[in-house]
Amino acid sequence: VRPLPFEPRRVPLSATLAVNEAIARKRREGVRVLPLGFGEAGIPIHPALARELGAAAGRGGYGPVAGSAALRGAAAGYWSRRGLPTDPSAVVAGPGSKPLLYALLAALGGDVVVPSPSWVSYAAQASLAGAEPIRVATPPGEGGVPSPALLADAVVRARARGRDVRAVVVTLPDNPTGTIASEDAVRRLCAVAREQDLVIISDEIYRDLVHDPARTAPSPARHAPERTVVTTALSKSLAAGGWRLGVARLPDGPFGRALRDSVLGVASEIWSSAPAPMQHAAAYAFAEPPELVERVDRSRRLHAAVAAAVADRFTAAGARVPRPEGAFYVYPDFGPLRDALADNHGVRTADDLTGLLLERYGVGVLPGSSFGDAPSALRMRVAPSLLYGETDEQRLTALASPA
Ligand code: PLP
């Protein structure tokens, strides 16, 4: 048979999923591995949520592209309770927020500014959608938001070389740094977005995991509602990532409606409609019944306690660690230990260190390079098993009385 005269387009596996595969390989070899690479909550699904899913198992039909009326209404209520009045018609559901973010980039049809560092998939999705990801560094200690002082200049320079920059992505609270940008930084970012005619895509999947109960993460949708898209999902706060269910909130007004129509067009060609049983369970979750509110709150306290403890340990060991404020990550920078690591372990970069941790110590983490960042930073998920036991039962007990 004649070999094909071309290679498939090279699309590498997303870094977070690649580390999962490496860990699975080690486990098949019989090695015990602590999986701190993939971004997953260390708590089980709430039984009431599982019951809702089970109750809808018989729903086998396709649904509306935008999602069921029940889910869109519940998500609108979720946002309205958080100070973002939302009409159900502005909500689009999808199989996870990741595909929704891709649909948004495809629907926007232009280049996009992404923070450096930022979640692995923004830049990769932009490239897949034929757009250029333009990296802009975040202000020190305020991950998730491209520095407002650098943003305008980066956009002007990209446009001067013919790029059609249309959007900027922010993550509030942030992954990978676990920090939260200040209200002031978000307000200034919104002002630049207005001046430069940019849409803001605000990924707020960690919104309910702000460690300090007295604090809420800012949202650009409050300062620039006419141009901000917000996304969230069940994946993190309710530990239902495998259920693949996310929602997006499109802006009001003619532009928002046109963007929503384009997102629906993309969705209709890719996933048709989000899985019906998941939508039913998600409508229950976004209505925020007391048992789920309580579970999210325990999860928040649990991850806050573990993140603080882990950050303290790394700081004591000499790493530079941004103080974790939300989500479930710590992001130690081993720059100050570079010489010691090189002398003792032959390790020069976070990529080397990631390899060493997996091969020698059975710990799976991700290097800063996966997030377009510093060659000496690592991201690790804070696993409640580090402090609260290995099994779901042990963690549930701990959830009842977190440290
Ligand atoms: N956004 C951020 C910042 C994330 O960390 C993740 C998951 O890792 C996602 C989006 C995607 O979540 P999902 O597709 O499960 O909704």
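In this predicted model, Pro 367 sits across from Leu 378, a residue of strand β12. That pair belongs to a match between β11 and β12 (residues 378–381), which run antiparallel and are held together by two bridges. Zooming out, the sheet here is an open one made of three strands, in the order β9-β12-β11, and the pairing is antiparallel. β9 (329–330) and β11 (366–367) are the edge strands: each has a single partner, so one side of each has no neighbour in the sheet.

Another pairing turns up earlier in the chain, and here the strands run parallel: β3 (residues 111–116) and β4 (residues 133–137) are linked by five bridges. To get from β3 to β4, the chain passes through helix α5 (residues 120–128), making a β-α-β crossover that is right-handed. Within this pairing, Ser 116 faces Ala 137 of β4.

Then there is the ligand. It has 13 residues around it, and the closest ones are Gly 96, Ser 97, Lys 98, Ala 233 and Ser 235. What kinds of residues make up this shell? Eight are polar, three are nonpolar and two are charged.

As for the bigger picture, an unreviewed UniProt entry annotates residues 52–383 as "domain: Aminotransferase class I/classII large". In the model, residues 52–383 are 43% helix and 14% strand, and the C-alpha atoms at the two ends of this span are 27 Å apart.

Definitions and conventions. Residues numbered from 1 in each chain as written. Predicted model: local features only at pLDDT ≥ 70, side-chain atom pairs only at ≥ 80, totals over all residues. Near = placed C-beta within 6 Å. Nonpolar A, V, L, I, M, F, W, Y, C, P; charged D, E, K, R; others polar. Pairing = 2+ DSSP bridges. Helix = DSSP H or I, 4+ residues; strand = E, 2+ residues; numbered from the N terminus. Right-handed = clockwise from strand over helix to strand, strands pointing away. UniProt positions renumbered as here; feature names shortened; annotations may be inferred.
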